[in-house]
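Grab a pencil and work through these short exercises with the structure open beside you. Each task comes with a solution you can follow step by step.

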Amino acid sequence: MAHAYTPGLRVTRQARLQRQRQLPLKGEVAVAQGDKVTRDQVVARTDLPGNVTTLNLVNILSCTPEELPNYMLKREGDAVEVGEPIAETRPFIKWFKTTVKAPISGTLENISKITGQVLFRAPPRPVQVMAYIDGSVVNVLPNEGVIVETTGVFVQGIFGVGGETWGPLHVISSGPDEILSADQLDAECAGKIVVGGNLLTREVIDKARETGAVGIIGGGIRDADLRDLLGYDLGVAITGTEDIGLSVIVTEGFGPIAMARKTFDILRENNGKETSISGATQIRAGVLRPEIIIPEADAAHRAEEGDQLGLVEGAHLRAIRAPHFGRVGKVAALPPELQMVESETRVRVLEVEFENGDRAIVPRANVELIEE
Amino acid sequence: MDKLDVVIATDCGSTTTKAILIEKKDEVYRQTYRGEAPTTVEAPYEDVTRGVLNAIQEVEELSGRQILDGETIIAPADGNRGVDIYISTSSAGGGLQMMVAGVIKAMTGESAQRCALGAGAIVMDVLASNDGRQPHEKIERIRQLRPDMVLLSGGTDGGTISHVVELAEFIAAADPKPRFGSGYQLPVIYAGNRDAAPEIERTLGHKTALTIAENIRPKLEAENLGPARHVIHDLFLEHVMAQAPGYRKLIAMTDAPIMPTPGAVGLMMQTASKRQNINVVGVDIGGATTDVFSVFDGIFNRTVSANLGMSYSVSNVLAEAGLDSVMRWLPFRLDEADLRDRIKNKMIRPTTIPHLLEELQVEQAIAREALRLAFVQHRALAVGLKGVQAERTLSDVFDQSSGGESLIKMRALDLLVGSGGVLSHAPRRVQTAAMLIDAFQPEGITRLAVDSIFMMPHLGVLSSVDERAATQVFERDCLIYLGTCIAPIGQGKLGAACAQYEIDLPSGAQSGALNTGDLLHFSLEADEEARLTLRPERHIDAGAGPGRELTTAVKGGAAGLILDGRGRPLVFAEDRTQRADQLRQWSEVLDHYPKN
């Protein structure tokens, strides 16, 4: 392999970011190119086709599918109200008449002469797409959505649950090592995004939800707590649609683990500022990580999104696997030759100097750059 | 084609594009160089050919052969310049995702599933008239899924048409949208009762891109999967691939149709089985999915376990197998909460590798369970046709089976092939052999091999162009033979002799007793052969029948010969300490982990 893969999560005070805001189906775009938008502003809307309900009339009317059209009171495309007669038999004795009523309000969509199935469609359901971040519309995708651009703080977490939300940042921990306790959260958390330093325990997340916080950010979470929180064991890392009352983002991983100092410092500097977050995580092709965005309209722009320093001596990194999991340091040396580690795997390695001055050899695949 | 001396082949995977160079030297085809580069389907490149050119460039640098002139592949080969053909497979962007539908779940539903899987697809859901879901639930499900393609089947030719038309009505009502792009119609293949075709056309023709293929189950007693599979491959190219970034360019570059990666692997397995006249089981364990392939008596089956893998889906292995099943492979104790966190950390950072021995053992324990579960799923689908009224003779009177027997007969298995990172890159080859034996539990005499660098996809497409070239490379460069597993069948008392053995090894003859619950290990190189005689106990079958002596030639490999007296299924000591001793003893015999 040409080079070891060293994934990096971005943690930066100044980034230029674009977010595509797209409808699930074609619809109407509500803003124009160049418009300033706010996070809770509708930028596009459409109607999703309504749910379908079926009724097999041949069983009810005791007729063949071919005969069915003769008994129908409504035709394909007709509007129907729930309880309205849609078909009936015409027996010699009226007493034996069978009438079928519409099961829902909507449209009669299809009458099948082969199966005797009649399909009803409920009225369309409206959907709206919000801007999600404060910024300006830089591109309109006709009938589909827009691209919103902003500048400001951009922090990628490693894992999250829950979708997009926004609110003022509310930093509670005194430092990145501190594990929050539930009694540190109070009514002041309502509508805010709470920030802890280290582990987010189940009790703390529950308390955040009780107080009305819209999101919570921390260094780590225990898998057992995540399972309790979701009510099931998360098998595949595709998240973002959980309905758990708030969005949760961890920046480092599973288990008790302190937030990287730089990440914590950036969040503390921005305490109280309006912030947009998304817990959506998807680790298969097209990696999607949870994100924290703090738009800053007049931020002096220095770094473009996607700038990477690469794996060089002095680069800041974090070990992401045992035995040094979670420790932060910098690259001390990059020996080019393959080395055998304890598991007897022959890999490319690097020498890392941790924050306390300790040095260790670790596989390059087991570190993550902390990028500017 | 006039001349085929130099071939460049790529496989565009979800994360990496792998290129290999195959050259004909002294009338024999060999794989000579390989290169790889990140796949470039995603932003910022959004052009798959970028990664292809980068991977080919690496081959150029290593081989010294000029293959590219700018962005054009030089053809034909002339001396150290150019290649004769360029071929490719692809699974980028999640591969081919299909939904299938059949009238009876266990009959046309299963046939449709086998058809799609064999073509290389992931089957997202199987819809059937008798699947227990209400019509509106079916419609909602079809709408949610957004597959790349739908295969609709149902009914035998000349039979009733109403059920399959009803399924078509559900599909029409859902008005499903394809996964990529909103500007084209969803491809739907109809391969059911031919009498229903006009009605299907009327129902779906205006709402979907409908193709009518031959019925996959024209009679209850016959499955006809070939024609529909060809249609799937054609539509995969025309509709699905053509929507992915850069694929139109890639299609224009290749000299043979691009195949879905697992479809190509399946083709290679079938070719190898046919040429050597052997029964084969193959497995490819990836980060997200595990594919199992089998060819028994010429019948090919493939299954994909979409959520059993070693990185993205690793947590799901734990969820499905259960913690105890994973822990039973570990000779040490681990705190449950700690193990859970470790596994989740592997899921969110899939590219990390085990640094510590303990971590390697945990990964290999999980791999055993992922492989085992994937094989269970495979056995459930690789079955004879259900619903068939077989002619019964007097000898069948006591056989109460009603069709649908597993086609996987472990005693008839000749070759078990593994591939995928955890198997191909295990630090010791004997670890790979141990994982395959523990997960698949082969019976009798089975040769084991591993795909050295996951070359089977490339060779699969090559076999569609030149079968001989593909087989030569498969036998010489693709497979690394691990050795042979010899497992007499029958349960005995732990510690009691189950068979006496004599092995005529190149290093000298060896003989002794194989006890129930024990493993024995003998070195035998890949190019060496040994004569083995087994005299099993009365109730034990070594392959010639219970208690009957068996003498046969066995072949070696990187892991040698493994005599497995542990019985089938494997029996573990109930007591945790005893079980740890058992594992340590097996590990010592095989020498598969470092001593300290």
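**Exercise 1.** What span should the 18 residues of helix 6 of chain B have, and how far apart are its end C-alpha atoms?

Solution. Keep in mind that this is a predicted model.
- Step 1: helix 6 of chain B covers residues 226-243.
- Step 2: count 1.5 Å a residue, using one less than the number of residues, so the expected span is 26 Å.
- Step 3: check the ends: the C-alpha atoms there are 25 Å apart, which agrees.

**Exercise 2.** Find where helix 6 of chain B bends, and say whether the residue at that point is buried or exposed.

Solution.
- Step 1: the bend is about 40° and sits at Phe236(B).
- Step 2: look up the buried residues of helix 6 of chain B; Phe236(B) is one of them.
- Step 3: others on that list include Ile232(B), Leu235(B), His239(B) and Val240(B).
- Step 4: to read the spacing, recall that an α-helix has 3.6 residues a turn, so residues three or four places apart point the same way.

**Exercise 3.** Work out how chain B meets chain A, and which helix of chain B gives the largest share.

Solution.
- Step 1: the contact takes 49 residues from chain B and 49 residues from chain A.
- Step 2: among the helices of chain B that each supply at least two residues are helix 3 (135-145) and helix 12 (357-381).
- Step 3: the largest share, seven residues, belongs to helix 11 of chain B.
- Step 4: sorted by class, the side of chain B that touches chain A has 20 nonpolar, 15 polar and 14 charged residues.

Definitions and conventions:
Residues are numbered from 1 along each chain as its sequence is written. Chains are lettered from A and ligands numbered from 1 in the order in which they are written. This is a predicted model: local features need pLDDT of at least 70, side-chain atom pairs count only at pLDDT 80 or more; totals for chains, interfaces and linings use all residues. Two residues are in contact if their C-beta atoms, placed from the backbone, lie within 7 Å. Helices (H or I, at least four residues) and strands (E, at least two) are DSSP runs, numbered from the N terminus. Ala, Val, Leu, Ile, Met, Phe, Trp, Tyr, Cys and Pro count as nonpolar, Asp, Glu, Lys and Arg as charged, and the others, Gly among them, as polar. The expected span of a helix is 1.5 Å times one less than its number of residues. The bend at a residue is the angle between axes fitted to the seven residues ending there and the seven starting there. A residue is buried if 20 or more other C-beta atoms lie within 10 Å of its own, exposed if 12 or fewer, and partly exposed in between; C-beta atoms are placed from the backbone.
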